[in-house]
Every structure is written in structure tokens, then in C-alpha cells.
Amino acid sequence: MSTSSEALPQRHRRDIDPYRLGRGYGAPGYGGGGRDLPTGRGEGGPASKRVIVGFGFWVFLLSDIVMFSAFFAAHAVLQTATAGGPSGRDLFDPSRVALETAFLLASSFTCGMSAVASSVRNQLWTQVSLLVTGILGACFLALEAYEFTQMIHTGAGPETSAFLSSFFAVVGLHGCHVTAGLLWLGTMMAQVFVKGFRPNIQRRLLCFNLFWHTLDIIWVALFTIVYLIGEGR
Amino acid sequence: MLGKLTWDAIPWSQPIPLVAGGVVLLALLAVIAWVIVRGYLPYLWRDWITSVDHKRIGVMYILLGVVMLLRGFIDALMMRSQQAIAFNAPGYLPPEHYNQIFSAHGTIMIFFAAMPIVIGLMNFVVPLQLGVRDVAFPTLNSTSFWLTATGALLVNVSLVVGEFARTGWLPYPPLSETQYLPGVGVDYYLWSLQISGVGTLLTGVNFVTTILKIRAPGMGYFRMTIFCWTALASSLLIVAAFPVLTATLGMLLLDRYLDFHFFTNTAGGNMMMFVNLIWVWGHPEVYILVLPAFGVFSEIFSTFSGKPLFGYRSMVMATLFICVVSFMVWLHHFFTMGAGADVNAAFGIATSVIAVGTGVKVYNWIFTMYGGRIRFATPMLWAMGFIVTFVIGGMTGVLLAVPPADFMLHNSLFLVAHFHNVIIGGVLFAGFAALTYWFPKAFGFRLHEGWGKAAFWLGLIGFYVTFIPLYAAGLQGMTRRLQHYDVAAWRPWMLVAVLGVLILLAGAVCQVAQLVVSILHRDELRDEIGDPWNGRSLEWATSSPPPPFNFAVLPNVHGEEPYWEIKRRAIESAHLTPEPEYEDIEMPRNSPTGVITAFFATMTGFAAIWHIWWMVVLGIVAAYVVFVWFAWRDVDEYVIPAAEVARLDRERRGARQAWLDAHARAEEPA
């Protein structure tokens, strides 16, 4: 029995896997280049454009994660500095946070769907799954905005205590990233619609996917450190 | 309508900043008028401002760095002269002005002089040494440069519109909070660093990607030059450290603008957290600057000793060791915080250990010279001056790493002397050495040796005469940043130091004279073949200045020092390798994205400093529009036809073959 990728059904072949950078990314048009894209490792000469863009964007995302880690560290230091004001236990609503989490995780799933759809160059399903991703992201943002306004109205705004300052900063920073992501998403939908699946558009979709999933990873950390641990303080 | 901005923002009553600002403004207007009248504007726009060529961006970075170096040096002259006369006297600089000067001096020297020079060198040299045509993201590279320039512009605007921070180069709270400094000084500092910090971060991302993903065929990691290795380490540090700076300054901005309580001394804020966070960035920053400097010296020692670098692999290991350990020593900047003996001991030991990596490097450089045929050209003089100076600075650093000693010397002039010792002796000497070394590659002619050597000797002697007295005054208890003092024992040292800074001024004059004289005599100093120093790495394989595409055909690398091997073969056979098949070359097209982004960044930053909110919104919206407009561009490359590539490369080959023939004739026994 053969174990090579040729033995698998067409749509399971590894060379249409959008997360497999570099070698074997399929025919021209799947992000540019031929069958054996150079990866830039070792002595093989410059990498293909797709590898360069994907790798570079990952490095940027790592820097973004470092920035978040500084805010997480600040929050860890200030989590108990309530200055006589309300603590996480008084303020957080676990069911709303669970709903926010569900929206965001679901949007990551639909974002993955859009990657599959764009890798087979299906305009309709790419647009539909991107649109659903955007709607889920907007629902998440709406819930977060509701939480923020409610807290500020009950006198638990960022000026109340160092704990609330760091809470609004780290959660708000994530919210700003989601907002920027939504702007990017809308731009990408327009670009895919007007320009189709050109190699450079495919590369941008790859970067957008990486970005959106990273926001999910950060939210998981945020959910744990800010909300779950904060609930116990 | 204009937020806090009124006519009172201009310091009408303070003659020094007013006159200085007026002169700078007039000079700037004169330069712009001259450019327009002579019709250079289209050339500047096409070939420089919108260029995405890494070599031109590198040159612009270095130009920015050198101009800001002079600006920061003027601050230094003012501080040294103030301390020379302000013994039992007020001096000529009032305290609030003096405080702005030392804050601006530190900020400008680190962020807008040292960083642009180091990043400019990386830009110019790394793709050439890797044997490739450009960096990973050329347009992003141009944007990085223009964002850095934006930061520099905002700092200089603060000279005439408003004020600069009075906090020192790191705005420690609670002094930097609105409660104590409600003016715009700290805001100028914060916004200019936030904007230029984004530029630096993107440079880091760009160079990590370039070095790890774009190298000539055969250029494995252990065939890269040490300069490329140090550029990689420095870029990795940028990616890991600069986001922390952005986050920390962001928190301070939230404190100042939206009444948050990260670092206030009320409502549970924690001001020591600022000090911790800022040094988590700040200590790696030291190595971001000095590692590429080590790379420059590695190239120079090997070239001017006529030998391969001693201990190449240990050099790589030492670089990466420093890269990692640089994140484990930050607390030595504030042993006096009171973290306790155990914590202080751990950080003290880590600080002493990091010196081992540098020690390995120093021995490698010395052993590279040992047994070599040393040529005492200007770059080599700077390199040898560096070894002595940097070892002294390193020794005083290890001394400061001992917590009990640090308790005595903390915040004294001893500390000030120490970090000037390593930054001037390390980064600045490397900048001057690199400028002389790679200038012919960038412009096609060498710099004048006589003026270069004069600049070196005045720079070296001036450095010692300025800073050894500061060590002494520091040991006698003189703290830093004193606007006036009344201890007679410190006075003589201040008088010697002002003499030293005048020698440094003479050195600076020689540097400028060197540039002017070299430009006037450029025909005699012409570098015809592109290899003026008998170099060993790939940048010397192409012509001077290199064509836009750097290499007509990407070189095939078979070992360390690839160009030395090519040259040796060519000399042995008295012939170049056969002419390659030339092909069309695709190069990235020019783009005004960078300069337009910087325009809106300047506008947004200035508006945020003065609380002009409509302009902030306008700037952000406009930036997004530019982003989408750029994303809609379809053609982002142009083609250089094979015939043009062939013509340029045949010119280069002709010059080299002529040299080979002359060389063969000279070697022939008579």
C-alpha cells in the first residue's frame, strides 16, 4: 500500500494544505510558484515569495504577542491593586465571557473555512465564510463594548483603580486588534471580489488567517489570566 | 480648534532655543529652496525619497543618524560648558532648560543617532554580504525609515513649539505623570518614540526574514559573515524587545491621556513596574546597538589583517549567547530598588557572566591580528582604538555589576562615564570605522585618509580627556544631571572635561572636513574595480556603487569568505570566470507609501501631543486610505532587461580584467 500523497483523494492531498508553507504547495496560482518552492533554509538559495511573506508575518505576530505579554505582566502585578474599588469577582459575568469566547472561537473556525475555500479558488464560499467570520467578530466586539459601557456606568472605569486600568488596557488592546482585523477583513473581501485569487491576494489571505488565529490564541490567554483567575480574586 | 496649541507655545522669552530653532529653520528652508531652484526635486523624489532600494535607504538612515549626532553633540557641548561654569553660580542655562537638554541629548543620541546609523549599516551591507538583491520587504523598509525620520522631526519640533521632556532620557514616573509634568514635553517624547519605535520594529521583522529566508545559493548559516550574524542577533532582539517599549510607553500614555493608574502613586499604581518594564526593553537595546558594532569590527580586523577571522564559530556562539543573556540582566539598572540580596546577587552574577561573551570576542579580534599583515588604514585605527576603550568600559561595567559597589556609584557621574565609554567606544567608533570602510562601496570613491586619521586621533584623545574626569568626579560623589554644584573638589574635573569636549569638537570638524575634501577630490580617490580594501566578503564582488540589482547573477557560494576564494582563483588564472548568461531582472518599483505614511504619522503625532482631536482622527483615517490605496496597486515590480544587465556587468568585468592584467604584469619576474 502506498503512503505517498498521490494515493490520497484529490482534496486531501498535502499540496493543497494552506498551512504547509514551502515545498509542495501545488500548481501555480496556489500562492505563486511551482511545485517545489524553495524554503530559504540552509544552502538552497532565496525562498519563494509565499514563504517570505508567511514567515515575515509570523515574526511580526510574535512581536505582537510579546507586546501583549507586557500587558499581561502588568495585569498580573496590578490584579489585586483594587484601591478599595470593585474586584474581578464583583464585576465579571462568566456567562457573557463564555459567549464572547464562543463567538471568537467559532469565527476562527469559519476563518479556517475561508482558507480552504480560497485554496480551491471558490469565490462564493470564500466570501460567505469571510462574511460569517466578520459577523461573529462584530458580535464579539459588541458584547465587549457592552461590558465596557456597563462597567464605566457603574463607576468601575479605568480611572477607579490600577486593577481596572490594566483590565481595560489589556482587554481593550485585544478589542482594538479585533477592530483592525475587521477592517482588514472587509478590505480583503473587496480585494478577492475585484481581483480574484491572484498570488499576492492569496498571500494576504494567508496573513489575515494567521492574524485572526493569533487573536484567538491571545483571547484564550486573556480568558484564563484576566477572567478565570480574576474571578477568584 | 487647535487644542492646547497657542502662540505661547513658542519660547519667545528664551533666546537659546529660539535662536537655535530659528537658525535650523532658516537652514532647512535654504536647503529646500536650493533644491527647488536647482531643479533637484524630481531627482530627489524619484531616486531617494520614494526609493525602496536597500542601499539608498541605508544611506538615508546614516545621513539622518549623522545629522542627529551633531544635534546631540551640541547638547553635549552645552551641558559640559554649563557644568564648567556653574560652580557656586547659576551658569547660563536655567534649570528647566538644562533638564530638557540632558533629556533630549540621551533620547536623540540613542534613538535618532545610534539606532539610525546601526540600522543604516545593516540596510546597506546585509543584502550585499548575503549575495542577494534586496531585503524581504522593500516598501516596508522605506516606511520604517520614514517613521524613524518622523520621530526625529517631532523631537526637533519640540525645540521651538512647546518644550521637551524634563525627565531624563527614560521618563520615570511619577515625575512623568500629568500631576508633576502637565506640559507637552513628555508627550513629545512619548509620541516620537512610539512612532519611530514602530519603524524600528518593522526593520527588525524585515531583517530577521531577510537573513533567515533570502541568501544566495550555497550561503548556509555558517558561511554568513559575522556582520550578518550580528545583524540577525540584533534584529531578533528588536523583535523581542521593542514591543515591550511600545507597551510600556503605551501604558504611560494611557496614564497621561485617559487618567489610567498604571504608574501613578495613587489608586494602586506601581511606579517600579515602569522601571522594570522599561529596562526589560532597555538592556537588550544596549546589545541591539553594540552587536552590529562588533560585526563591523570583525569585518575590519579580518580585512586589514589580511587573514580570515580567528574563531569564526566561537564568534557566532558568543553573539547568540549575548543575544539570549541580554534579557536576564535588566535589574542591574536599579539594584537600589530594594529587591533584596538574593535577587540582586542573581542579576549581578548574570551581568558579570554576559561579559564573558564579549571577552571571547575581544580575544578573537586580537588573535585575528596576531601574525597578520596589518594595514593601519583609518577603519583599522578606529577598530584598535575600540578594543582598548571598550575593554576599559567593560571593566567599569563589571565593577558596577557588583551590587554593593553599585549602591555607592548608582546615578553618579561614574555611571555616566561608564555608558559613554561603551557606547562611544563601541557603537560610535564602529559607526566611524564603518563609514570609512563602506563609503567607497556606496559612492564609488574613498574618503581622504589624512583627515580621517586626524579625526580618529582627536576623537580618541578627546574621548579620554572628556570621560576619565567624569569617572573621577563620580568616585568623589558627584551625581549626574546637576545644573549647578558647590563642591570645590569636583571643579577641576569639570574644567578638564570641557577641554576634552572641545577636542571632540575638533574631531567632529575633521570628520566634516574629510567628507568635503573627499568630495572635492573624488576623481583622485575613485574606486574603479569595487574592491578598495582587498576585501573578503561578497559586497566587494560587485562594482562601486553597485547597480540597483546588486549582482547580475546571484553568486554561488562554496565556503566561508566566498569573495576571497573567487578573487584567489581569478588571480591564479589571471582570468575571470566565463561570462554568465544574463537574464531579465525583476526589481521592486519605487513607492511613495513610506513618505506618505510618515506624513500622516507626523500629523497624528503632533495633533495628539497638542490634543487636536479632529486632526488625530483625520490622520488615522487618511493612513487607512493610503494603506488600501497601496494594497490596490497591481504592478509592484519593474524589469531590467537582460541587455542592460549585461552592459553594466561587462563594464564591471572589464575593470576587473584590467586590474588582473596589471597585477599579472607586476608579478612577472623581470
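Domain bounds here come from an automatic or database domain assignment. With that in mind, welcome to the tour of this predicted model.

**Stop 1: the two domains of chain B**

Select residues 40-591 together with 636-667 in chain B and give them one colour: the assignment makes these domain 1. Then pick residues 592-635 of chain B, which form domain 2. Taken over C-alpha atoms, the centres of domain 1 and domain 2 of chain B are 29 Å apart.

**Stop 2: where the domains meet**

Now look at the contact between them, to which domain 1 of chain B brings 22 residues and domain 2 of chain B brings 15. Which helices should you highlight on the domain 1 side? Helix H5 (138-160) and H6 of chain B each give two or more residues to the side that touches domain 2. H5(B) gives the most, with 10 residues. Colour the domain 1 side by class and you will find 11 nonpolar, 7 polar and 4 charged residues.

**Stop 3: across to chain A**

Next, bring chain A into view: 36 of its residues are in contact with 39 residues of chain B. On the chain B side, select helices H6 (185-213), H7 (226-258), H8 (271-305) and H18 (613-631), the elements that each supply two or more residues. Pause on H7(B), which provides the largest share of this side, 10 residues. Recolour the chain B side by class, and it divides into 27 nonpolar, 9 polar and 3 charged residues.

**Last stop: a helix to revisit**

Finish by selecting H6 of chain B once more: H6(B) gives residues to the side of domain 1 that touches domain 2, and H6(B) also gives residues to the side that touches chain A.

Definitions and conventions. Residues numbered from 1 in each chain as written. Chains lettered and ligands numbered in written order. Predicted model: local features only at pLDDT ≥ 70, side-chain atom pairs only at ≥ 80, totals over all residues. Contact = placed C-beta atoms within 7 Å. Helix = DSSP H or I, 4+ residues; strand = E, 2+ residues; numbered from the N terminus. Nonpolar A, V, L, I, M, F, W, Y, C, P; charged D, E, K, R; others polar.
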